[in-house]
Amino acid sequence: MAVSAADEALRIPTFDDVQMARNRIAGIAHRTPVLTSRTADAATGARLFFKAENFQRGGAFKFRGAYNAIAALREKGSRQGVVAFSSGNHAQAIAYAARLQGVAATIVMPADAPDMKVAATRGYGADVVFYDRYKEDRSAISARLAAERGAVLIPPFDHADVIAGQGTAILELIEEVGELDLIVTPLGGGGLLGGTALAARERSPGAAIVGVEPEAGNDGQQSLRQGRIVEIAIPKSIADGALTPSIGAHNFPIIQRAVADIVTVSDAQLVETMRFFGERMKIVVEPTGCLAAAAVLEGVLACAGKRVGIVLSGGNVDLATYGALLQAT
């Protein structure tokens, strides 16, 4: 049975979808570690719990949603290939998840995507098609390719099963450390934040949920405050995984209901946070993956006396770029 993107158009995911996603990815996705740091706790006056999705398969949380979305299609009888668009982490995740499930994958990537993310995507067996992120419409290109190839389009965030899959990270975090006062996640298109909200409202209902965007691209912040989806020009930031013009229609209703605030951090704050993780915790976290942590460690969010869950969303950064960013300041 063929399944089109239109079939997903009006289905807003629920906590039940998150639970089904956990069952689908069990034994496939890694149950990533929760890291702590006495230095970070002392600096913030809080108890911080870092959900280290930089250790996830494919190097980022995106594998959860990608595998769940493809598995859900196969449950419905689809054997179609898949098409996705992404600057890198969703690209790798779809390519890897598709290979594991015997599905062909085509990925539309910006021409300036990090070389290591392109190489990894191709290494997982996907066909990569490039576009100019500042001049071309990736959604239109992807829809055309899906139609031409008889494939199903799986967007990086605006898809019910993708959102549900991302929510499994927070389920694991709360199961391991207990209820939290504050949960902070990176925000690009809103899949992780939407999934986080679904899981947290059921498992840690007293927690305030906050999303963090790059300063140059605060479309989510504007959207939450204006009560409508605001679209902006493609922003420029080192947080390449969060350079979206708007958040998704599937996740915005969830964010409106459950998210307390959306804040921003600067590229300089991201670099300082990368340095902290490298020097003090001995881990590599990509700039986008540092968004939530930067808001806490750089004092954008007041956290003293709170138990705080922080998602480190990925670690896919070219080492030459990583070194250059840390050397530049």
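How many disulfides does the structure hold? The structure holds zero, and the points below take up this answer together with the overall build of the model, which is a predicted one.

1. On the cysteines. C290 takes part in no disulfide, and the nearest cysteine sulfur, which belongs to C303, lies 16 Å away. Seen from the other side, C303 is likewise in no disulfide, with the sulfur of C290 as its nearest cysteine sulfur at 16 Å. Because a disulfide requires a pair of cysteine sulfur atoms within 2.5 Å, the separation of 16 Å given for C290 and C303 does not meet the cut-off. As for their surroundings, C290 counts as buried at 0% relative accessibility, and C303 is buried as well, with a relative accessible area of 3%.

2. On the overall build. The secondary structure of the protein comes to 14 helices and 10 strands. For 329 residues, a compact globule would have a radius of gyration near 20 Å, and the 18 Å computed for the protein agrees with that expectation. The C-alpha trace spans about 55 × 40 × 40 Å along its principal axes.

3. On burial, contacts and surface. Of the 329 residues, 62% count as buried. Among contacts between residues at least 6 apart in sequence, 73% join residues that are at least 24 apart. The protein exposes about 12200 Å², and carbon and sulfur atoms supply 50% of this area. With regard to charge, the protein carries 32 positive and 34 negative charges, and the mean positions of these two sets are 4 Å apart.

4. On I163. This residue is found in helix α7, which covers residues 160-166, and I163 counts as buried because its relative accessibility is 0%. Leaving aside residues up to four places away in sequence, I163 touches P13, F157, G191, G194, G195, L198, H250, N251 and I254. For one of these partners, L198, the separation along the chain is 35 residues, while the C-alpha atoms of I163 and L198 are separated by 9.1 Å.

5. On S204. The place of S204 is in the loop between α9 (191-203) and β8 (208-214), and S204 is nevertheless buried, with a relative accessible area of 0%. When residues up to four places away in sequence are not counted, S204 is in touch with I174, E179, L180 and A199.

6. On K282. Is this residue, K282, buried or exposed? K282 counts as exposed, because its relative accessibility is 63%. K282 sits in the loop between α12 (267-280) and α13 (291-297). A reader who checks the backbone should note that phi of K282 is near 60°, a positive value in a residue other than glycine.

7. On T39. Helix α2, residues 38-44, contains T39, which counts as partly exposed at 32% relative accessibility. Apart from residues up to four places away in sequence, T39 touches F276 and R280. T39 and G206, by contrast, are 167 residues apart in sequence and 26 Å apart in space, taken from C-alpha to C-alpha.

Key
Residues numbered from 1 in each chain as written. Predicted model: local features only at pLDDT ≥ 70, side-chain atom pairs only at ≥ 80, totals over all residues. Heavy atoms only, no water. Helix = DSSP H or I, 4+ residues; strand = E, 2+ residues; numbered from the N terminus. Buried < 20%, exposed > 50% of the residue type's maximum accessible area, 1.4 Å probe, protein only. Contact = heavy atoms within 4.5 Å. Rg over C-alpha atoms; globule rule 2.2 N^0.38 Å. Areas by Shrake-Rupley, 256 points an atom, 1.4 Å probe, with all protein chains shown as cover. Lys, Arg positive; Asp, Glu negative; His and termini not counted. Charge placed at Lys NZ, Arg CZ, Asp CG, Glu CD.
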